[in-house]
Amino acid sequence: LGTRGGAEGMSEEDFPSSPYRCIECNQEASELYRDYNHGVLKLTICKSCQKVVDKYIEYDPVIILINAILCKAQVYRHILFNTKINIHGKLCMFCLLCEAYLRWWQLQDSNQNIAPDDLIRYAKEWDFYRMFAIASLEQSAFFAGIFTFLWIKRLMTAKKKPHFILLLKALLLSSYGKLLLIPAVIWEHDYTILCLRLIKVFVLTSNFQAIRVTLNISRMLSLLAILSGLLLESCMVFFFQRMEWDVGSDCAFYREQDF
Ligand SMILES: [Zn+2]
């Protein structure tokens, strides 16, 4: 964090006046390519690192997705700074629905009810909304932990405000791994518990990379931010347990079945 100047000169505080960023060194760029007449395009070269500002603009979306799955910082910069992807709201909603479904599905298996059909249907529907609300609260607690850590860090270093809106967008987009929860549950097999844990690790790794790339901070700070988020989320889960609400979780149900 201490080093300034050149490629590392961009910091989380400098709001980009240029619309784009170099995906290699995070330096601002005014354009990604220049359009010469007759369909001749030339990719812009970064003044700071002498590499192509954004090579991904001519890549196939599938290649970009594979690179995103590999958690490459360059592709994160491409998506966050150089594209106009605006699906974070819908994606977040869909991820929460996936999580709510997982918890609701666990609940259906653990509750063997003998009430009349209509009552069961009504109760099941209500259960789903409850699971959705709880998944949303846990997700909010995770984000609140991250933001609180970064806010305290900013107070301690007396720097300008980081771009929390951009960070929120990055966190929502990088949680796309939760979509894998549905296939993991539908194709239930002996390794489902392992799959769910791997999905959790994958989502956390993506979030870690998103924080690091968006704010241009060190790996250690990014890791601490993730841990703060997990801490607050765990506090919320602990609170639910103390209240003895049946909220379901990633692994609890499987653990009961294993033994
Ligand atoms: Zn560069």
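**View 1. The surroundings of S175 in a predicted model**. In this predicted model, S175 is in contact with C95, F143, V203 and N207, once its neighbours within four places in sequence are left aside. The residue itself is found in the loop between α5 and α6, the latter helix spanning residues 181–186. Is S175 buried or exposed? With a relative accessibility of 3%, S175 counts as buried, because the limit for a buried residue is a relative accessible area under 20%. The side chain of S175 also reaches the backbone oxygen of L171, at 2.8 Å.

**View 2. Helix α5 and its buried residues**. The buried residues of α5 are F164, L167, K169, A170, L171, L172 and L173, a list in which the reader can find L171, whose backbone oxygen is reached by the side chain of S175. Since 7 of the 10 residues of α5 are buried, this helix is largely enclosed by the rest of the structure.

**View 3. The largest nonpolar core**. This core has 21 residues, and those with the most contacts inside it are I146, L150, L167, L171, I211 and I226. Two or more residues are given to it by each of the elements α3 (88–110), α4 (117–157), α5 (164–173), α7 (192–215) and α8 (219–242), and α4 gives the most, with 7 residues. Which residues does I211 touch, not counting residues up to four places away in sequence? I211 touches I146, L167, L171, N216, I217, S222, A225 and I226. Apart from the largest core lies another core, which has 18 residues, among them I64, C71, L173 and F202.

**View 4. The zinc site**. The zinc ion has as its protein donors the SG atoms of C22, C25, C46 and C49, which lie 2.2 to 2.3 Å from the ion. The angles among the 4 donor atoms run from 104 to 119°, and the site is tetrahedral. Along the chain, the donors follow the spacing C-x2-C-x20-C-x2-C. Two of these cysteines can be described by their accessibility: C46 counts as buried, at 3% relative accessibility, whereas C49 is partly exposed, with a relative accessible area of 23%.

**View 5. Q108 and its contacts**. Q108 lies in helix α3 and, at 18% relative accessibility, counts as buried, because the limit for a buried residue is a relative accessible area under 20%. When residues up to four places away in sequence are not counted, Q108 touches K124 and D127. The C-alpha atoms of Q108 and D127 are separated by 9.2 Å, although these two residues are 19 residues apart along the chain.

**View 6. Spans annotated as transmembrane regions**. The unreviewed UniProt entry carries the annotation "transmembrane region" for residues 128–152, 164–185, 191–208 and 220–240. Over residues 191–208 the model is 94% helix and 0% strand, and the C-alpha atoms at the two ends are 26 Å apart. The span of residues 220–240 is 100% helix and 0% strand, with its end C-alpha atoms lying 30 Å apart.

**View 7. The whole chain as a setting for the close-ups**. The protein has 9 helices and 4 strands, and the elements run β-β-β-β-α-α-α-α-α-α-α-α-α from the N terminus on. Buried residues make up 43% of its 259 residues. Among the contacts with a separation of 6 or more, 66% are between residues 24 or more positions apart.

Notes. Residues numbered from 1 in each chain as written. Predicted model: local features only at pLDDT ≥ 70, side-chain atom pairs only at ≥ 80, totals over all residues. Heavy atoms only, no water. Core = buried A, V, L, I, M, F, W, Y, C linked by side-chain atoms within 4.5 Å. Buried < 20%, exposed > 50% of the residue type's maximum accessible area, 1.4 Å probe, protein only. Contact = heavy atoms within 4.5 Å. Donors = N, O, S within 2.8 Å, 3.2 Å for Na, K, Ca; no water. Tetrahedral: all angles 85-135°; square planar, octahedral: opposite > 155°, others 65-115°. Polar contact = N/O pair within 3.5 Å; in protein donor to acceptor, adjacent residues only side chain to side chain. UniProt positions renumbered as here; feature names shortened; annotations may be inferred.
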